[in-house]
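Reader: I would like to go through this model term by term. For each label, please set the value against its cut-off.

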Amino acid sequence: MKALLVIDMLRDFVEPDGALYIKGSEKIVPAVKREIERARSEGIPVIYICDAHAPDDEEFRAWPPHCVRGTRGAEVVPELAPVEGDVVVEKTRYSGFFRTDLERILKDKGIKTLRVTGVATSICVLYTVADARMRDFEVEVVKNAVWGLTEEDHNWALRQMEHVLLARIV
Ligand code: ZN
């Protein structure tokens, strides 16, 4: 059984006026949308992994405040909004597994393989994929449905996931 992960496709990252806009990330929205629609039509669970910070989160030492829980910036971009039956997992660190129910949710559903989309390739995507691989989930990273802070970071992270973490880049 497979699940689709949609990581941090939130207004603050993806919209040009967002608090921590990742330049160019809006270009992957159509590819992520196709992945979501295909998963829903095939009965594959769609799991949104979403930053949801406290206003004074420790992470804001490294980054400008972003995706504060309950604010507009923390919402999934409207084109990709979750529907009934999708799962939304809130996180406060780069990894979707850290202090969340993600592992339990995946095990309860009998999921063995994660198909990964979202941002940023070298941060939340990379650390979530790393934690998934440490737990022996198979991982497929959809190359045209992830994007990084820079093209260089994006390409480095894809290589790291492929060669070190043994994720499949598809
Ligand atoms: Zn964050």
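Reader: In what order do the strands of the open sheet stand, and what is the sense of the pairing?

Author: This is a predicted model, in which local features need pLDDT of at least 70 and side-chain atom pairs count only at pLDDT 80 or more, while totals for chains, interfaces and linings use all residues. Residues are numbered from 1 along each chain as its sequence is written, and side-chain values use heavy atoms, with hydrogens and water left out. The order of the six strands is β3-β2-β1-β4-β5-β6, and the pairing is parallel. Strands here are DSSP runs of E with at least two residues, helices are runs of H or I with at least four, and both are numbered from the N terminus. β3 and β6 (168-169) stand at the edges with a single partner strand each, so one side of each has no neighbour in the sheet.

Reader: What makes β1 and strand β4 a pair?

Author: Two strands pair if DSSP finds at least two bridges between them. Six bridges join β1 to strand β4 (residues 113-119), and the two run parallel, so the condition of at least two is met. Among the positions, lysine 2 stands opposite threonine 113, alanine 3 has leucine 114 as its bridge partner, and leucine 5 stands opposite valine 116.

Reader: How many bridges support the pairing of β1 with strand β2, and how many that of β4 with strand β5?

Author: β1 and strand β2 (residues 46-51) pair in the parallel sense over four bridges, with leucine 4 opposite valine 46. β4 and strand β5 (residues 138-147) pair over six bridges, also in the parallel sense. In β5, valine 139 is the bridge partner of leucine 114.

Reader: Why is strand β1 called largely enclosed?

Author: Buried means under 20% relative accessible area, exposed over 50% and partly exposed in between, with a 1.4 Å probe and protein chains only. Five of the six residues of strand β1 (residues 2-7) are buried, so the rest of the structure largely encloses the strand. Isoleucine 7, in strand β1, has a relative accessible area of 0% and is therefore buried. The C-alpha atoms of isoleucine 7 and threonine 128 are separated by 8.9 Å, although the two residues are 121 apart along the chain.

Reader: Which residues of β4 point each way, and are they buried or exposed?

Author: Thr113, Arg115, Thr117 and Val119 point one way, Leu114, Val116 and Gly118 the other, and all are buried. That is seven of the seven residues of β4.

Reader: Why is the site of the zinc ion called irregular?

Author: Donors are N, O and S atoms within 2.8 Å of the metal (3.2 Å for Na, K and Ca), and a site may look incomplete because water is not among the atoms. Asp51 (OD), His53 (NE2), Glu59 (OE) and His66 (NE2) coordinate the zinc ion at 2.0 to 2.2 Å. Four donors count as tetrahedral if all angles lie between 85 and 135 degrees; four count as square planar and six as octahedral if opposite donors are over 155 degrees apart and all others between 65 and 115; anything else is irregular. The angles among the four donor atoms run from 91 to 166°, so the tetrahedral limit of 135 degrees is broken. The site is classed as irregular.

Reader: Are histidine 53 and histidine 66 buried or exposed?

Author: Histidine 53 has 0% relative accessibility and so counts as buried; histidine 66, at 2%, also counts as buried.

Reader: What makes the phi of aspartate 8 and of cysteine 67 worth listing?

Author: Most residues other than glycine have a negative phi, and most peptide bonds are trans. Aspartate 8, in the loop between β1 and α1 (11-14), has a positive phi near 55°. Cysteine 67, in the loop between β2 and β3, has a positive phi near 45°. The bond joining valine 119 and alanine 120 is a cis peptide bond, with omega about -15°.
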